[in-house]
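Thanks for coming, everyone. I'll walk through one model today, starting with its cysteines and moving on to how some helices pack. Have a look first.

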Amino acid sequence: MDILMVGGILMLLMIVLLSGGVWIAMTLAICGWVGQAFFTNTQPGKNLFSAFWESNASWELAALPLFIWMGEILFRTKLSEEMFEGLRPWLNRVPGRLMHTTILGCGIFGSVSGSSAATCATISKVALPELLKRGYDERLALGSLATAGTLGILIPPSITMVVYAVAADASIIRIFLAGFLPGLLLMLLFSGYIGWWSLRNPDKVPPADAPTTFRQKIRQSGNLIPVAVLIVFIVWVLVAGYATATECAAYGVAGSLGLALWSRSLTWKNFTEGLMSTTRTSCMIMFILAGAAFLTKTMAFTGIPRELAEWVNAMNLSPFALIGVLTIVYLVLGTALDGISMIVLTSAVVLPMIQKAGFDLIWFGIFIVLLVEIAEVTPPVGFNLFVLQNMTGKDSNTIARAAIPFFLCLVVCIAIITVFPQIVTVLPDLVMGKDGG
């Protein structure tokens, strides 16, 4: 049977199962099982157990539940409320006001966690209840959190970037440096849309507070200082090389518990509730990761990603036409694969094509990371959609529709760095030189 037809059958099965209310992780695992049992000569049972073990037996993944627990502590004590109160006077006159905290929070936290799922889950736990309590639009909040959570894989350090650097035999430091300006550009695009939407819909934004003096703003920001110091400390020990992302997550939990004790808002009840909620959320994410890993094995055995890449190569396209077609191919793959798998399964064919077309491999690394970000919010396997679905109870399609404007911001960002590739390459060239390793 034609490989692309196999891909279509598996995609149709996935849509049917998800529409029927089957658990997300189970849907991914069932599609993987069907693909291996009927379209390959492998042993699906053996591969199922190995995929589940390999996807979760990871030291780096230990950071995920720790960062989620940190968010739970901030959420269940009064620390998150104090943080928003501290930001409130500074954003009072900005269109969209506190809604920008979703973008700012995801950008800062993404630089610490390196994980899209951890960023989305943690910032959502802290920001969403506070925004809804203050009367902000739920649809806009969900859309911004789903897409801004993907900043965790664009703003260094990022596991996805490391995987690409290894696959492309490129400098990890250069690819890290290349991510900063596109990350800032994307944050500006997201915040710009929030400001524009707020000006167009003033009735859906809480009214501004009375103007305050600079001294009053500083006084009110005293509520922001404890959490801000904790975040700055976590970022500093990571950037300085004193701790790994997992160790930073442990520092974040210890610091959050310490601040909660100091503010006398930590009780045995909210401690145990936060721990149980962390366990549920972490298990949900890891179960989905395991199902996705098994489906990825199926994709590798059937050869669907490689077949797509070779099909593109046979078209002999011009450089920019090649980029356009690869964008479509990666968007299609993103509906069924996680970002790391997309890179690993296609790099052997795609990277020589990119070099032959004259594109810089560092630039292409950021380009493909942005496509991976789009995959995180693309149904039916948009991982951030699943995270928010399980945290809010909203249907993933509802969240996907809310994310469409921010999805378009991602597309605009890709178009901008394609037309102006210097946005990606200027910082690595400035710091390390054009020929730096």
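Let's begin with C409. This is a predicted model, and in it the closest cysteine sulfur to that of C409 sits in C413, 9.2 Å away. That is too far for a bond. A disulfide needs the two sulfurs within 2.5 Å. Turn it around and start from C413: the closest cysteine sulfur is the one in C409, again at 9.2 Å, and again too far. The total for the structure is 0 disulfides.

Are these two cysteines buried or exposed? C409 has 10% relative accessibility, so it counts as buried. C413 comes out at 0%, so it is buried as well. The cut-off for buried is under 20%.

Now the helices. I'll build this around α10, which covers residues 172-200.

Start with α10 against α22, residues 422-432. Their axes come within 7 Å and cross at roughly 135°. That angle makes α10 oblique to α22. The crossing is right-handed. Which residues make the contact? From α10 we have I173, R174, L177, A178, F180, L181, P182 and L185. From α22 we have I423, V424, V426, L427, P428, D429, V431 and M432. By class, that contact has 14 nonpolar residues, 2 charged and no polar.

Two residues in this region deserve a moment. One is I173, in helix α10. I173 has a relative accessible area of 53%, so it counts as exposed. Its C-alpha lies 8.2 Å from that of P428, although 255 residues separate the two along the chain.

The other is T425, in helix α22. T425 is buried, at 18% relative accessible area. What does T425 touch, leaving aside residues up to four places away in sequence? The answer is D360 and W363.

Next pair: α10 with α18, which is residues 361-376. Here the axes come within 9 Å and cross at roughly 50°. So α10 is oblique to α18 too. This crossing is right-handed. On the α10 side, the contact uses R174, I175, A178, G179, P182 and L186. On the α18 side, it uses I362, G365, I366, L370 and E373. The split is 7 nonpolar, 2 polar and 2 charged.

Third pair: α8, residues 138-148, with α10. How do these two run? Their axes come within 11 Å and cross at roughly 170°. Anything over 145 degrees counts as roughly antiparallel, and α8 and α10 are therefore roughly antiparallel to each other. L140, S144, T147 and A148 of α8 meet F190, Y193, I194 and W197 of α10. That contact holds 6 nonpolar residues, 2 polar and no charged.

One more helix before I stop: α19, residues 383-392. Which of its residues are buried? They are F383, N384, L385, F386, V387 and L388. After α19 comes G393, and G393 has a positive phi, near 85°.

To recap, there are 0 disulfides. Helix α10 crosses α22 at roughly 135° and α18 at roughly 50°, while α8 and α10 are roughly antiparallel. Over to you for questions.

Key:
Residues are numbered from 1 along each chain as its sequence is written. This is a predicted model: local features need pLDDT of at least 70, side-chain atom pairs count only at pLDDT 80 or more; totals for chains, interfaces and linings use all residues. Side-chain values use heavy atoms; hydrogens and water are left out. Buried means under 20% relative accessible area, exposed over 50%, partly exposed in between (1.4 Å probe, protein chains only). Axes are lines fitted to C-alpha atoms, for helices over the stretch in contact, and angles run from 0 to 180 degrees between N-to-C directions. Helices (H or I, at least four residues) and strands (E, at least two) are DSSP runs, numbered from the N terminus. Angles under 35 degrees count as roughly parallel, over 145 as roughly antiparallel, 65 to 115 as roughly perpendicular and the rest as oblique. A crossing is left-handed if the near helix is turned anticlockwise from the far one by less than a right angle, and right-handed if clockwise. Contact means heavy atoms within 4.5 Å. Ala, Val, Leu, Ile, Met, Phe, Trp, Tyr, Cys and Pro count as nonpolar, Asp, Glu, Lys and Arg as charged, and the others, Gly among them, as polar.
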